[in-house]
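Colleague: Could you take me closely through one part of this model, a charged pair and the elements that carry it? I would like a careful, connected account.

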Amino acid sequence: MSTPNQSPSPTLAIIGCGKMGTAILNGLLDTQPTTTTTTTNNNPSLPRTFIATTRSPTSLQRLKTHFQATTTTSTSPTLTILPSTSNPSAILTADIILLACDPTDIPSLLTDPDIQTSLLTNISTSTTSNPFPRPKLLISIAAGWTTTALLSLLPKPTPTHTQKNIHIIRTLPNIAAEIAQSITAIEIPSPGTVLPEDVDLAEEMFQKIGRTVRVRPEQMDTFTVLGGSTPAFVGVFVEALVDGAVAVGFGREEGRRVVAQVLRGVGDLLLGGEHPALLKERGTSPGGCTMGGLMVLEEGGLRGLVARAVREGVTVAGEMGREDGKLVNGTRN
């Protein structure tokens, strides 16, 4: 039982618990405290009760196998795994909803009448010092879906159900969440639309799977490419490096390991404050092999090509989530 000026840990429902949802759930479960803790009403603690839903029977069984130790315990933290047919009840029970489903499924999900009722019905436990329940918090990790677009799918406010009963925070982790090395954008909400402590809570949750950065709404499309697409860009560059090495007799697997370790080390140098230009300066010498290779990249227009790829990606990101559902790539000259 909570005491005055304290609130119980919230319940988190992960809707569409695929690879990214599983990574986030792993991070939260792996960092659970050994004893139950409570915090002030203005600073809600991390969830200790979890619900995960998934659509396919195969994914359902995978989750049950992966989290068997957590689902079979009666002590906190607790995890319940359900099929997607239970989405309405999971959302109704939860204080926080992590929208982790495929972005293309969002319109059908959020316009479902049962889910809308669950989203806009607040059954959070009130406390002595805070007699009014907190609004539900919907955290989206769906690329291309703005907060405005998500709100547009919810029903119009009524005296019984108002959109004030739900707060929305847009976030975007990347694939490295699987190894707790993500960089996650937390969109800075418009003033008065979300409780500041809920933004802090969202940031604390995503810090369990890596680093976070707060981003203005107009910067989210750029982050979508810089944070979300860069792993794919780097993957292509790695393939090219390894292919070049294989062409002159180096083993492919050995080449991958070498480049992977180089990227890890360079990443740490950059995070430590090293300027990218200094990496070039320190690695080159007059007439050397590195300078020779760099000249080929410069003559091929690598810098401009990469920058153009980023700009194109940002343009496409800005068109994602359109109501007409049309693909964007290939539609412009």
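**A salt bridge and its surroundings**

Modeller: In this predicted model, the side chains of E203 and R214 come together in a salt bridge, with 2.9 Å from N to O. The two residues belong to distant parts of the chain, since E203 lies in helix α8 (residues 196-206) and R214 in strand β8 (residues 210-215), with their positions 11 residues apart in the numbering. As background, side chains of opposite charge can pair when their charged atoms come close.

The partners do not share one burial class: E203 has a relative accessibility of 16% and counts as buried, because the cut-off for that class is under 20%, whereas R214, at 37% relative accessibility, counts as partly exposed.

The structure holds nine salt bridges, and two others may be set beside this pair. R216 forms a salt bridge with E218, where the closest N and O atoms are 2.7 Å apart; R216 is partly exposed, at a relative accessible area of 41%, and E218 is exposed, at 54%. R282 forms a salt bridge with E274, with the closest N and O atoms 2.4 Å apart; here R282 is exposed, with a relative accessible area of 60%, while E274 is buried, with a relative accessible area of 17%. Returning to the pair you asked about, D200, E203 and R214 are joined into one network by salt bridges that share partners.

The strand that carries R214 is part of an open sheet of eight strands, whose order is β3-β2-β1-β4-β5-β6-β7-β8 and whose pairing is mixed. Strands β3 (78-83) and β8 stand at the edges, and each has a single partner strand, so one side of each is left without a neighbour in the sheet. From one strand to the next, the twist averages 20°.

Elsewhere in the sheet, strand β1 (residues 11-15) and strand β4 (residues 96-99) pair in the parallel sense over four bridges, and L12 stands opposite I96 in β4. Helix α8, which carries E203, packs on the sheet and touches β1, β4, β5 (136-140), β6 (166-172), β7 (182-187) and β8, and the direction of α8 makes about 150° with that of β8. Taken together, the salt bridge between E203 and R214 links a helix and a strand that also touch one another where α8 packs on the sheet.

Note on methods: Residues numbered from 1 in each chain as written. Predicted model: local features only at pLDDT ≥ 70, side-chain atom pairs only at ≥ 80, totals over all residues. Heavy atoms only, no water. Salt bridge = Lys/Arg side-chain N within 4 Å of Asp/Glu carboxyl O. Buried < 20%, exposed > 50% of the residue type's maximum accessible area, 1.4 Å probe, protein only. Pairing = 2+ DSSP bridges. Axes fitted to C-alpha atoms, helices over the stretch in contact; angles between N-to-C directions. Contact = heavy atoms within 4.5 Å.
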